[in-house]
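User: I'm new to this structure and would like a close look at one part of it. Could you walk me through the aromatic rings that pair up, and then place them in the rest of the chain?

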Amino acid sequence: MNTDLKELNPEVEEIKLPVEVITDQVHNTTLCHIVRANYSPQTTEFFTPNSYSQQLGIIKYNKNESIKPHYHNVVKREVLLTQEVLFIRKGRVKVNLYDKDLHFVTSRILLQGDTILLASGGHGFEMMEDSEMLEVKQGPYSGHAADKTIFEGV
């Protein structure tokens with residue numbers, strides 16, 4: 001489907017960068033990181049700073065390399081803000097991004113295979129086609145009232 005994104009929604013910027021960091025210029029914070037399905041770096045590349053509670057990167061290995069069997073040690077971490085990663089498995093999804101004052105910042109269209117890490121601010125989604133997303137975030141999910149605040153968006 002080669003629909004022009006401007007036709008679908010004129011305020012959506014048609015951005016085709018393989019990796020994009022969207023920031024809130026007013027508060028100098030990162031709202032999200034988007035990694036497009038077609039991005040393949042030459043070597044391992046992480047996109048997020050060590051201060052995030054979720055890390056996002058592409059790890060590259062050559063044929064016949066391996067990862068030694070291992071387990072993860074118990075390490076106490078303090079999570080103050082839920083950060084979530086969404087993998088678009090199917091469909092076309094519009095993400096609307098908001099700053100911490102709930103002001104609309106921008107929108108992007110996510111396609112099958114795209115990944116977004118939501119780092120801060122607010123966000124909402126509009127399904128432009130039947131869609132399926134795989135979500136990864138800190139758990140356990142404690143219900144809408146405890147985990148999130150719903151607000152009116154665009």
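Analyst: Here is a walk through the ring pairs, followed by the chain around them. Keep in mind that you're looking at a predicted model.

Let's start with how far to trust it. The chain has a mean pLDDT of 88, and 88% of its residues reach 70 or more. The stretch to be careful with is residues 1–11, where the pLDDT is below 50. Beyond near neighbours in sequence, that stretch has 14 contacts in the model.

Now the rings. Searching the whole structure turns up three aromatic pairs. Take Y98 and F151: their ring centres are 5.0 Å apart and the planes sit at 90°, so this pair is edge-to-face, the label for planes over 60 degrees apart. What parts of the chain does this pair link? They are distant ones: Y98 belongs to strand β6 (residues 92–98), while F151 lies in the segment after α2 (144–147), and the two are 53 residues apart.

Is Y98 buried or exposed? Its relative accessible area is 4%, so Y98 counts as buried, the cut-off being under 20%. F151 comes out at 25% relative accessibility, so this ring's residue falls in the partly exposed class, between 20% and 50%. And the two have company: ring pairs join Y98 and F151 with F104 in a cluster.

Stepping back, how many helices and strands does the chain have? It has two helices and ten strands. Read from the N terminus, the order is α-β-β-β-β-β-β-β-β-β-β-α. The chain is 154 residues long, and 30% of them count as buried. Y98 is one of the buried residues. Links between distant parts of the chain show up in the contacts too: among contacts with a separation of 6 or more, 62% are between residues 24 or more positions apart.

Next, the largest pocket. Its volume is about 720 Å³. It is lined by 27 residues, and the closest to its centre are G121, H123, D147, K148 and T149. Which elements give two or more residues to that lining? They are β5 (84–90), β9 (122–127) and β10 (132–137). Of these, β9 gives the most, with four residues.

Strand β5 is also home to K90. With a relative accessible area of 44%, K90 is partly exposed. Although K90 and Q112 are 22 residues apart in sequence, their C-alpha atoms are 4.9 Å apart in space. Setting aside neighbours within four places in sequence, K90 is in contact with Q112 as well as D130, S131 and E132.

One last stop is T48, which you'll find in the loop between β3 (45–46) and β4 (57–58). Even though it is a loop residue, T48 is buried, at 9% relative accessible area. Its side chain reaches the backbone nitrogen of L56 at 3.0 Å. Neighbours within four places aside, the contacts of T48 are H33, Q54, Q55, L56 and L117.

So if you go back to the model, begin with the edge-to-face pair of Y98 and F151, add F104 to see the cluster, and then move on to the lining of the largest pocket, where β9 gives the most residues.

Notes
Residues numbered from 1 in each chain as written. Predicted model: local features only at pLDDT ≥ 70, side-chain atom pairs only at ≥ 80, totals over all residues. Heavy atoms only, no water. pLDDT = per-residue confidence, 0-100. Contact = heavy atoms within 4.5 Å. Phe/Tyr/Trp six-rings, centres within 6.5 Å; stacked < 30°, edge-to-face > 60°. Buried < 20%, exposed > 50% of the residue type's maximum accessible area, 1.4 Å probe, protein only. Polar contact = N/O pair within 3.5 Å; in protein donor to acceptor, adjacent residues only side chain to side chain. 1 Å grid on protein atoms, 1.4 Å probe; cavity = no way out; pocket = protein on both sides within 12 Å on 5 of 7 lines; lining within 4 Å. Points joined across faces, edges and corners; volume = space filled by probe spheres on them.
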